[in-house]
Amino acid sequence: MAAFASVWRPHLQSTESDSALASFHCIPSSSRLVKLPEKLTFTAFSSSRSLCGLKEILDFSKYQGLGNDFLLVDNRDSAEPKISPEQAVKLCDRNFGVGADGVIFAMPGINGSDYSMRIFNSDGSEPEMCGNGIRCMARFVANLENAAETRSYNIHTLAGLIIPKLREDGQVEVDMGAPILNAPDVPTKLTSSKDGAVVKVPLNVDGENWLVTCVSMGNPHCVTFAREDGKDLEVNCLPLEKIGPLFEHHEVFPARTNTEFIQVISRSHVRMRVWERGAGATLACGTGACAVVVAGVLEGRTEKKCTVDLPGGPLEIEWRENNHVYMTGPAELVFEGKAFL
């Protein structure tokens, strides 16, 4: 029988994502509880098998952007992810794995880009892009390179080329590109209401009509500020676990959708809750925050520069004159570890 040593985690807040399995080292049974050194390195087990039967080991770094957390994998030596979607699901499990909203692979660049990014969601699906995730990836590859604190990267994604920039103040600013508004390209089957875009269009979800605006930031978003009765939302009172899946899997979204529920504080400040396609309720969504500001401008509710408050903290979003949307926010290393697959 093996005993377990508890992990000492200085200067870190305890979060739901800190899985018990990610918080133990397997050590000989004769050992006692010990303190680990200041460097935060953890070993996670994906099953209860003994060490003798474990053969595959995955090195990872866990990062979070406003509580949206990811396992980052150094995949620079291969054009294919090192693990399968099924393995990603196990690692993302917050009870039986490490715990994360997704696994991100830093891969070789394509067509002159510095790197390529692929991501598996916690349900095993693969999204085109992730705003909080790409900020985390920029920090991750900078650490791999021992790069200067202020530099930018050209990162190829399934949503196209994305350019994150590490700033002197520790924030990461990302040029997210131009929003896609043409209904079939979002994609949505909803009828357009304004120059090919779906803006403030009624959508019936489980017998209730919502006014929605559809935007793609390389991945599909459905943004709602109000029900059809015109009453503004109080987003913290919404039963997100119930209505989120109904939006995500609605028949008018052939590729499913991310859904943002928005409460306007002022024309330059909104509060957002999000149901992410493939991940469920998360503490933050970068592409979603970008879509919200675009939708807010189209509906005449917000300015082009806006603070978006998410459960995990604020993002600064600006839809600039070049038609590109810029997102600025944090990305932080949580810990490094090894997962036994």
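Here is a walk through this structure, from the whole chain down to a few single residues.

Keep in mind from the start that this is a predicted model. The protein chain contains four helices and 20 strands. Of its 341 residues, 52% are buried. You can also ask how far along the sequence the contacting partners lie: among contacts between residues at least 6 apart in sequence, 61% join residues at least 24 apart. On the outside, the chain exposes about 15200 Å², and 50% of that comes from carbon and sulfur atoms.

Let us turn to one helix, α3, which spans residues 240-248. Its buried residues are Leu-240, Ile-243, Gly-244, Phe-247 and Glu-248. Why do these five belong to the same side of α3? They cover an arc of only 140° around the axis, and therefore sit on the same side of the helix. Look at the other side of α3 and you will find Glu-241 and Lys-242, which are exposed. As for what the buried residues pack against, the list is made up of strands: β11 (201-205), β12 (208-216), β13 (220-227), β14 (258-266), β15 (269-276) and β16 (280-282).

One of those strands, β14, holds a residue that we can follow in detail, Val-264. Is Val-264 buried, exposed or partly exposed? Its relative accessible area is 34%, and because that value falls between the cut-offs of 20% for buried and 50% for exposed, Val-264 counts as partly exposed. Leaving aside residues up to four places away in sequence, Val-264 touches Phe-225, His-269, Val-270 and Arg-301. Take Phe-225 from that list: it is 39 residues from Val-264 along the chain, yet their C-alpha atoms are separated by 7.7 Å.

Next, look inside the protein. There is one cavity of 30 Å³ or more, and the space in the largest cavity comes to about 120 Å³. It is lined by 16 residues, of which Asn-121, Pro-127, Cys-130, Glu-276 and Arg-277 are the closest to its centre. Strands β5 (68-74) and β7 (115-121) each contribute at least two residues to this lining. By character, the lining residues divide into seven nonpolar, six polar and three charged.

Finally, a few places in the backbone are worth a visit. As background, most residues other than glycine have a negative phi, and most peptide bonds are trans. Where does this chain depart from the trans form? A cis peptide bond joins Val-186 and Pro-187, with omega at about 0°. Pro-187 is part of the loop between β10 (172-175) and β11.

Two residues also depart from the usual sign of phi. Leu-66 is not a glycine, but its phi is positive, about 55°. You will find Leu-66 in the loop between β4 (57-65) and β5. Asp-206, likewise a residue other than glycine, has a positive phi near 55°. Asp-206 lies in the loop between β11 and β12. Which of the labels, buried or exposed, fits Leu-66? Leu-66 has a relative accessibility of 9%, so it counts as buried. Asp-206, at 59% relative accessibility, counts as exposed.

Definitions and conventions
Residues are numbered from 1 along each chain as its sequence is written. This is a predicted model: local features need pLDDT of at least 70, side-chain atom pairs count only at pLDDT 80 or more; totals for chains, interfaces and linings use all residues. Side-chain values use heavy atoms; hydrogens and water are left out. Buried means under 20% relative accessible area, exposed over 50%, partly exposed in between (1.4 Å probe, protein chains only). The arc is that of the directions from the helix axis to the C-beta atoms. Contact means heavy atoms within 4.5 Å. Accessible areas come from the Shrake-Rupley method with a 1.4 Å probe; for residues, only the protein chains shown count as cover. On a 1 Å grid over the protein atoms alone, a cavity is a set of points where a 1.4 Å probe fits but cannot get out, and a pocket is an open set with protein on both sides within 12 Å along at least five of seven lines; lining residues have an atom within 4 Å of a point. Grid points are joined across faces, edges and corners, and a volume is the space filled by probe spheres set on the points. Ala, Val, Leu, Ile, Met, Phe, Trp, Tyr, Cys and Pro count as nonpolar, Asp, Glu, Lys and Arg as charged, and the others, Gly among them, as polar.
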